[in-house]
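User: Hey, I'm new to this one. Can you walk me through it?
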Amino acid sequence: MHITFCCADTRPEPWLEGLRAALPGATVSEWRPGAAQADHAVVWSPPQQFLDEQPGLKGLFNIGAGVDALLKLKLPPAAKVVRLDDAGMSVQMAEYVCHAVIRHFREFDGYEADMGAGRWSFRKPRTRADFAVGVMGLGVLGQRVAKALRHFEFPVHGWSRSAKAVEGVHCHAGADQFDGFLSACRVLVNLLPLTPDTRDILNRRTLSRLQPGGYLINVARGAHLVDEDLIALLDEGHLAGATLDVFRTEPLPAEHGFWKHPKITLTPHTSARTLRDESIAQIAGKILALERGEPVAGVVDPVRGY
Ligand code: NDP
Ligand code: OXD
């Protein structure tokens with residue numbers, strides 16, 4: 001069996017060594033133009049030339065959870081596209097989102113500014129019940145985040161395409177229940193995949209439906225958010241703030257209005273990093289399962305887009 005590796009912005013050696021150790025019977029090599037046909041590929045943002053030269057691939061293993069960039073390319077006809085299914089990302093996402101929600105709810109930025117200015121001043125405790133959190137996307141990451149938020153006793157709502165039952169979470173589903181979901185929430189967390197249905201979904205109309213003093217946490221993809229609508233709602237005062245980890249253009253261009261906005265907290269697409277060892281173990285296990293003709297989790301439906 002031949003495994004080829006073609007991942008942008010990723011040092012190949014540790015991945016190649018890890019895959020060789022996990023798949024001792026396989027030949028594992030970094031792709032170069034003109035390389036021989038492989039059986040499976042481990043990829044992140046591969047060039048179209050790679051896919052064109054590997055028409056016989058049986059599996060394309062994306063070393064991330066989101067496949068929006070991959071699905072824009074013309075893929076080998078028989079290849080199953082398989083995304084990372086947690087692989088250590090959900091606990092990171094839960095940490096990140098809970099941190100952002102608590103930082104906002106407990107007004108830690110305000111305390112930091114006060115203490116920095118030598119002011120010993122208390123703020124009135126806020127009521128948790130007034131800070132219902134809505135999680136858009138109740139998949140692998142969204143469910144973990146929703147459950148983590150419940151540990152801190154926030155009211156939690158979730159929204160997905162198909163109906164779900166998650167203990168302690170008010171679940172809403174489908175386009176018909178979207179507006180009701182939004183108006184039940186004050187803090188909104190986006191964990192949707194980027195698809196034609198979800199592009200630009202965070203816009204003036206939808207964000208205006210959040211309760212006054214609303215707060216946005218976008219950890220999914222930059223193209224879910226209409227940037228200028230967010231800035232307008234922050235400046236008009238309907239939204240109190242936002243934490244953004246993902247952007248339409250990454251790295252975020254130096255001139256972008258998000259950088260210096262006083263109500264926006266930024267991180268550089270780091271909320272849930274791909275963990276190499278966990279990812280290699282998961283991908284190797286799935287390659288072996290596919291070779292045995294067994295089903296694997298995380299196979300992408302190219303029509304649905306996730
Ligand atoms: P999943 O595929 O497990 O979950 C996706 C969820 O979104 C599902 O609940 C799905 O509904 C729901 N959904 C999809 N389309 C719609 C729609 N049109 N309307 C309502 N709900 C919809 O994905 P993951 O949880 O693993 O990952 C989510 C996203 O997080 C990734 O696609 C990626 O973009 C982003 N991500 C960001 C990272 C970062 O570092 N910032 C790291 C990792 C991921 P249903 O359950 O009914 O199918
Ligand atoms: C992912 C990501 O999709 O890193 O996994 O954004």
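Analyst: Sure, one term to begin with: a salt bridge is a side-chain nitrogen of Lys or Arg within 4 Å of a carboxyl oxygen of Asp or Glu. By that rule, Glu 107 and Arg 126 form a salt bridge, at 3.7 Å from N to O. Glu 107 lies in the loop between helix H4 (89-105) and helix H5 (108-116), and Arg 126 in the loop between H5 and strand E6 (133-136), so the pair ties together parts that are 19 residues apart in sequence. Helices (H or I, at least four residues) and strands (E, at least two) are DSSP runs, numbered from the N terminus.

User: What should I know about the model itself?
Analyst: This is a predicted model, where local features need pLDDT of at least 70, side-chain atom pairs count only at pLDDT 80 or more, and totals for chains, interfaces and linings use all residues. Residues are numbered from 1 along each chain as its sequence is written, chains are lettered from A and ligands numbered from 1 in the order in which they are written, and side-chain values use heavy atoms, leaving out hydrogens and water.

User: OK, how many salt bridges does the rule count?
Analyst: The count comes to 15. One of them joins Lys 58 and Glu 291, with the closest N and O atoms 2.9 Å apart. Those two sit in distant parts of the chain, 233 residues apart: Lys 58 in the loop between helix H2 (48-53) and strand E4 (59-62), Glu 291 in helix H10 (residues 276-291).

User: Is Lys 58 buried or exposed?
Analyst: In between: Lys 58 is partly exposed, with a relative accessible area of 38%. Buried means under 20% relative accessible area, exposed over 50%, and partly exposed in between (1.4 Å probe, protein chains only).

User: Switching topic, which domains does the protein have?
Analyst: The domain assignment gives domain 1 (2-87 + 274-291) and domain 2 (90-266); such bounds come from an automatic or database assignment. Their centres, taken over C-alpha atoms, are 33 Å apart. Seven residues from domain 1 and five from domain 2 make the contact, meaning heavy atoms within 4.5 Å.

User: How many salt bridges are there between domain 1 and domain 2?
Analyst: One salt bridge. Arg 221 forms a salt bridge with Asp 68, the closest N and O atoms being 3.0 Å apart.
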